[in-house]
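Colleague: Could you take me through a single part of this model in some detail? I'd like one helix followed along, with whatever it touches.

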Amino acid sequence: MDIAHALTWLEHSPLGALARSLGVWSYGIINLAHILGITMLFGAILLLDLRLLGAWRSIPLSAISRPATTVAMIGFCVAVMSGLPMLSVKSTDYIGNPFLLIKFPAIALALANVWLVHRTEAWRAHRTRDLMPAENRRLAVGAILSLTFWLTAITAGRMIGYW
Ligand code: HEM
């Protein structure tokens, strides 16, 4: 199924019908939830990534990583759960929108980067011991990629409406 078919299917799905039936305020309220989700996601990620890049070295990484990861995960879930109904209201309007084709691959790359960082020995070790310089550098590369992919997704998400 290509993207145009997927968007047409989504618009005609029960989710699309439900999203269109909710009344005039619903899109604005769901959009607000989307923005709150994004602020939770990116705010938490920004703190963690800046720490991985060397800021606030006096605070142990493990003291930041756990709350930041939890808040980012909740924010991501809120963004997905609000984004899908927003998209389904009139999905076919987005056919051919290039920013959609930047946003979703950027989110996929950002998630792949999270998966890769969490699999490193440095990430596993940071909870139990201080990291060596090479391990800090490995996590800093992950932080730069993370900021690049998430900022690309946010920029493309904002630009979708201007196409
Ligand atoms: C399955 C997941 C998601 C879907 C289906 C989705 C869908 C949408 C839709 C339909 C819009 C409105 C576009 C328009 O202006 O017409 C939007 C806006 C936006 N999205 Fe998402 N989104 C998702 C996840 C995310 C994530 C994870 C981020 C952040 C990294 C994000 C960032 C944005 C931004 C910044 C806007 C602009 C908000 C505004 O200015 O009102 N989205 N999204």
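Modeller: Sure, here is a walk along one helix, from its start to its far end. Keep in mind that this is a predicted model.

The helix is α3, residues 26–52. Ser26 sits in helix α3, and Ser26 is buried because its relative accessible area is 12%, under the 20% cut-off. A polar atom of the Ser26 side chain lies 2.7 Å from the backbone oxygen of Gly23.

Further along comes the metal site. His34, through NE2, and Lys103, through NZ, coordinate the iron atom of the ligand at 1.7 to 2.1 Å. These two residues tie together distant parts of the chain: His34 belongs to helix α3 and Lys103 to helix α5 (residues 98–119), 69 residues apart. Both His34 and Lys103 are buried. As for the geometry, the iron atom of the ligand has 6 donor atoms, and with angles of 88 to 178 degrees among them the site is octahedral. For six octahedral donors, the ideal angles are 90 or 180 degrees.

Then there's the surface side of the story. Leu46, Leu47, Leu50, Leu53, Trp56, Ile59 and Ile144 make a nonpolar surface patch of about 570 Å². Helix α3 gives the largest share of that patch, 3 residues. Take Leu50, which lies in helix α3: its relative accessibility is 33%, so Leu50 counts as partly exposed. Patch residues need over 30% relative accessible area, so Leu50, at 33%, clears that cut-off.

Note on methods:
Residues numbered from 1 in each chain as written. Predicted model: local features only at pLDDT ≥ 70, side-chain atom pairs only at ≥ 80, totals over all residues. Heavy atoms only, no water. Patch = residues over 30% accessible without salt bridge, like charges linked within 9 Å, V, L, I, M, F, W, Y side chains within 5 Å. Areas by Shrake-Rupley, 256 points an atom, 1.4 Å probe, with all protein chains shown as cover. Salt bridge = Lys/Arg side-chain N within 4 Å of Asp/Glu carboxyl O. Helix = DSSP H or I, 4+ residues; strand = E, 2+ residues; numbered from the N terminus. Buried < 20%, exposed > 50% of the residue type's maximum accessible area, 1.4 Å probe, protein only. Donors = N, O, S within 2.8 Å, 3.2 Å for Na, K, Ca; no water. Tetrahedral: all angles 85-135°; square planar, octahedral: opposite > 155°, others 65-115°. Polar contact = N/O pair within 3.5 Å; in protein donor to acceptor, adjacent residues only side chain to side chain.
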